[in-house]
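Biologist: I would like to learn how to read a model of this kind, feature by feature. Could we begin with the way two helices meet, and then work outwards from there?

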Amino acid sequence: MKLTLRALLGRDELRLRLMNGDPDTPLTWVHGIELLDPTPYLNGGELVLTTGQRLPAEHDECRAYVQRLAAHDVGALGFGVGVGHDTVPDAVALACVEFGLPLLVVPEPTPFVSIVRVGADQWPKRNGARCVTRWSSSVV
């Protein structure tokens with residue numbers, strides 16, 4: 001089974017919302033990272049999760065952040081709202097459209113680890129690997 005945005009959007013408990021982009025976008029992994037330039041820590045194809053805590057308020061800097069992600073072939077951006085930002089900043093949303101980067105809204109009650117777990121649970125199925133993982137029921 002391929003991990004896609006649609007697969008994540010289909011998980012009602014995550015309460016994710018697609019702001020723009022193709023729901024059938026394939027993803028290689030899900031990774032939460034708050035760096036202004038996370039690209040040295042990414043391989044491409046990831047759903048990058050951020051709360052935007054380190055994003056500057058300047059429109060050009062937000063645009064540059066999204067441009068870096070898109071140029072590195074990130075699969076999509078998941079923006080967590082309710083912590084540092086009540087909504088996805090307009091500059092981020094506009095840049096995602098401009099650079100063709102799908103954008104998910106992650107509501108505050110959804111822990112990033114729950115999204116990562118869904119992606120991790122799909123990994124053995126996608127790769128034909130056998131993997132035994134013990135998860136604590138308190139994670140989700």
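Modeller: Let us begin with a pair of helices and the residues that bring them together, keeping in mind that this is a predicted model. From helix H2 the residues His59, Cys62, Arg63, Val66, Gln67 and Ala70 take part, and they meet Ala91, Val92, Leu94, Ala95, Cys96, Glu98 and Phe99 of helix H3.

Biologist: At what angle do the axes of H2 and H3 cross, and how is that angle to be put into words?

Modeller: The axes of H2, residues 59-71, and H3, residues 90-99, come within 8 Å and cross at roughly 40 degrees. Angles under 35 degrees would count as roughly parallel, and those from 65 to 115 as roughly perpendicular, so H2 is oblique to H3. As for its hand, the crossing of H2 and H3 is right-handed.

Biologist: Which residues of H3 are buried, and what covers them?

Modeller: Burial is read from relative accessible area, with under 20% taken as buried. In H3 the buried residues are Ala91, Val92, Ala93, Ala95 and Cys96, and their cover includes H2 together with the strands E1, E4 (76-80) and E5 (103-106). After H3 comes Gly100, which has a positive phi near 70 degrees.

Biologist: Several strands have now been mentioned. In what order do the strands lie in the sheet?

Modeller: The order in a sheet is read across the pairings and not along the sequence. Here the sheet is open, has five strands with mixed pairing, and runs E1-E5-E4-E3-E2. Its edges are E1 (17-20) and E2 (29-32), each of which pairs on one side only, and from one strand to the next the twist averages 25 degrees.

Biologist: How many bridges join E2 to E3, and in which direction do the two strands run?

Modeller: E2 and E3, the latter covering residues 46-50, run parallel and are joined by four bridges. Within this pair, Val30 is placed opposite Leu47 of E3.

Biologist: Where is Gly78, and is it buried or exposed?

Modeller: Gly78 belongs to strand E4, and it counts as buried because its relative accessibility is 0%. Once neighbours within four places in sequence are set aside, Gly78 is in contact with Leu47, Val48, Leu49, Thr50, Leu104 and Val106. A separation in sequence can also be set beside one in space: Gly78 and Pro102 are 24 residues apart along the chain, while their C-alpha atoms are 8.5 Å apart.

Biologist: What can be said of the loop between E3 and H2, where Thr51 and Pro56 are found?

Modeller: Two residues of that loop can be read side by side, with the 20% limit for burial in mind. Thr51, which lies in the loop between E3 and H2, counts as buried because its relative accessibility is 13%. With neighbours within four places left out, Thr51 is in contact with Glu34, Phe79, Gly80, Val83, His85 and Phe112. Pro56 is placed in the loop between E3 and H2 as well, but at 22% relative accessibility it counts as partly exposed. Not counting residues up to four places away, Pro56 touches Leu36, Glu61 and Cys62; Leu36 is 20 residues from Pro56 in sequence, and the distance from C-alpha to C-alpha is 8.9 Å.

Biologist: Which residues other than glycine have a positive phi, and why should I look for such values?

Modeller: Most residues other than glycine have a negative phi, so a positive value deserves a second look. One case is Arg15, with phi near 55 degrees, which sits in the loop between helix H1 (5-9) and E1 and is partly exposed, its relative accessible area being 44%. Another is Asp73, with phi near 60 degrees, which lies in the loop between H2 and E4 and is exposed, since its relative accessible area is 57%.

Biologist: How do these pieces fit into the chain as a whole?

Modeller: The chain has four helices and five strands, and along the sequence they follow the pattern α-β-β-β-α-β-α-β-α. Of its 140 residues, 44% count as buried. Among contacts in the chain with a separation of 6 or more, 64% come from residues 24 or more positions apart. The chain exposes about 7600 Å², of which carbon and sulfur atoms supply 51%.

Definitions and conventions:
Residues are numbered from 1 along each chain as its sequence is written. This is a predicted model: local features need pLDDT of at least 70, side-chain atom pairs count only at pLDDT 80 or more; totals for chains, interfaces and linings use all residues. Side-chain values use heavy atoms; hydrogens and water are left out. Two strands pair if DSSP finds at least two bridges between them. Axes are lines fitted to C-alpha atoms, for helices over the stretch in contact, and angles run from 0 to 180 degrees between N-to-C directions. Buried means under 20% relative accessible area, exposed over 50%, partly exposed in between (1.4 Å probe, protein chains only). Contact means heavy atoms within 4.5 Å. Accessible areas come from the Shrake-Rupley method with a 1.4 Å probe; for residues, only the protein chains shown count as cover. Angles under 35 degrees count as roughly parallel, over 145 as roughly antiparallel, 65 to 115 as roughly perpendicular and the rest as oblique. A crossing is left-handed if the near helix is turned anticlockwise from the far one by less than a right angle, and right-handed if clockwise.
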